[in-house]
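Student: I am new to this structure, and I would like to be taken through it by question and answer. Could we have it before us as we talk?

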Amino acid sequence: MLEDELESYLKRCENRGLSPNSVYLYRSILSRAAVKVRELGRASFIDLTPDDVYEVVGMWSGISPNTRHGYLKIFEEFVEWMGCSAVKDADILVPKTTPHRVRVSDSQIRTALSSASPELRMVMVLGSMMGLRRKEIMGIRLSDIRKDGILVHGKGHGTEGKIAIQYMPEGVKKEISEYMKVRGPASDLLVVVRDRSGKVRNDIGYRNSWVTNEYQKLSAQVGFKITSHSMRRFFGTSIYH
């Protein structure tokens with residue numbers, strides 16, 4: 001019965017428009033909760049008590065407060081949908097922490113750009129001058145680049161994401177033009193990523209990890225931390241024409 005209840009809820013989430021990635025996350029969190037609920041001898045989530053909830057939440061004791069808070073909200077929403085108030089009655093307080101936000105100055109951006117590889121420099125330019133996310137940048141194809149804009153597949157809204165043409169500043173146009181001179185015809189994706197064997201990688205998971213790893217190496221090289229989010233924050237406090 002627990003599995004049937006879970007599947008009914010996940011189907012509802014899909015019908016509400018929740019993205020496949022979010023449904024996958026919900027399934028992972030709630031499936032683990034179902035295992036614990038079964039161990040507690042409950043045949044249905046409706047039968048949960050506040051004490052049962054404490055046991056479920058205890059599974060997440062080793063993760064960060066912010067992540068634990070997110071898991072609890074997902075679990076609470078599901079249990080309330082089932083018609084059970086156990087999570088609410090348990091009145092669990094999971095304090096959220098304020099993460100340290102990495103910020104970089106204009107001079108630091110210039111230093112990092114001069115030290116970055118052509119591929120990472122292109123990623124940095126698109127992040128700091130257009131405010132694009134890592135996944136959005138790594139998904140840009142040559143055919144997405146227009147005269148004055150770039151077709152961007154944003155977060156959510158199905159497998160293709162939210163599609164929009166974003167204005168491309170002159171500085172970005174110049175950077176793309178320079179990058180194309182050294183890029184080569186290896187892929188139809190703008191930023192060419194290769195693994196250690198030299199093979200071109202077009203799978204988004206590898207490409208996203210590549211960006212993170214390259215930022216870490218660059219941070220060690222220049223002596224200050226720089227991340228994908230710091231590029232977007234820089235864009236948010238700067239104006240380019």
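Tutor: What follows is a series of questions and answers on cores, helices and single residues.

Tutor: Please keep in mind that this is a predicted model, in which local features need pLDDT of at least 70 and side-chain atom pairs count only at pLDDT 80 or more, while totals for chains, interfaces and linings use all residues. Residues are numbered from 1 along each chain as its sequence is written, and side-chain values use heavy atoms, with hydrogens and water left out.

Student: Which helix gives the most residues to the largest nonpolar core?

Tutor: A nonpolar core is a set of buried Ala, Val, Leu, Ile, Met, Phe, Trp, Tyr and Cys residues joined through side-chain atoms within 4.5 Å, where buried means under 20% relative accessible area, exposed means over 50% and partly exposed lies in between, with a 1.4 Å probe and protein chains only. The largest one has 36 residues, and the elements that give two or more residues to this core include helix 6 (106-115), helix 7 (118-130), strand 1 (149-153) and helix 10 (204-222); such helices (H or I, at least four residues) and strands (E, at least two) are DSSP runs numbered from the N terminus. The one that gives the most, with 8 residues, is helix 7.

Student: Which residues touch the most other members of that core?

Tutor: In soluble globular proteins, nonpolar side chains tend to be buried together. In the largest nonpolar core, the residues that touch the most other members are Val-123, Met-124, Leu-126 and Val-191.

Student: What is Val-191 in contact with, leaving aside its neighbours within four places in sequence?

Tutor: Contact here means heavy atoms within 4.5 Å. With those sequence neighbours left aside, the residues in contact with Val-191 are Glu-119, Met-122, Val-123, Ile-137, Met-138, Tyr-179 and Arg-207.

Student: How many residues does the second, separate core have?

Tutor: This second core is separate, and Ala-34, Leu-48, Phe-75 and Val-87 are included in it. Its number of residues is 28.

Student: Why do the buried residues of helix 11 lie on the same side of that helix?

Tutor: The residues in question are Ser-230, Met-231 and Phe-234, and on the other side of helix 11 His-229 and Gly-236 are exposed. The buried residues pack against helix 6, helix 7 and helix 10. They are on the same side because the arc they cover around the axis, taken from the directions from the helix axis to the C-beta atoms, is only 105 degrees.

Student: Is helix 6 roughly parallel or roughly perpendicular to helix 10?

Tutor: Axes are lines fitted to C-alpha atoms, for helices over the stretch in contact, and angles run from 0 to 180 degrees between N-to-C directions; those under 35 degrees count as roughly parallel, over 145 as roughly antiparallel, 65 to 115 as roughly perpendicular and the rest as oblique. Helix 6 and helix 10 pack at about 110 degrees, with their axes 10 Å apart, and the contact is made by Thr-111, Ala-112 and Ser-115 of helix 6 and Leu-218, Gln-221 and Val-222 of helix 10. Helix 6 is therefore, with respect to helix 10, roughly perpendicular.

Student: At what angle do the axes of helix 1 and helix 4 cross?

Tutor: Helix 1 (residues 2-15) and helix 4 (residues 65-81) make their contact through residues including Tyr-9 and Arg-12 of helix 1 and Phe-78 and Trp-81 of helix 4. The two helices are roughly perpendicular to each other. Their axes come within 11 Å and cross at roughly 105 degrees.

Student: Is Asn-208 buried or exposed?

Tutor: Asn-208 is found in helix 10 and, not counting residues up to four places away in sequence, touches Arg-134, Lys-135 and Met-138. Among these, Lys-135 in helix 8 is partly exposed, with a relative accessible area of 47%. The relative accessible area of Asn-208 is 12%, which means that Asn-208 is buried.

Student: What is the phi of Asp-91?

Tutor: Most residues other than glycine have a negative phi. Asp-91 lies in the loop between helix 5 (86-90) and helix 6 and, at 64% relative accessibility, counts as exposed. Its phi has a positive value in a residue other than glycine, near 50 degrees.
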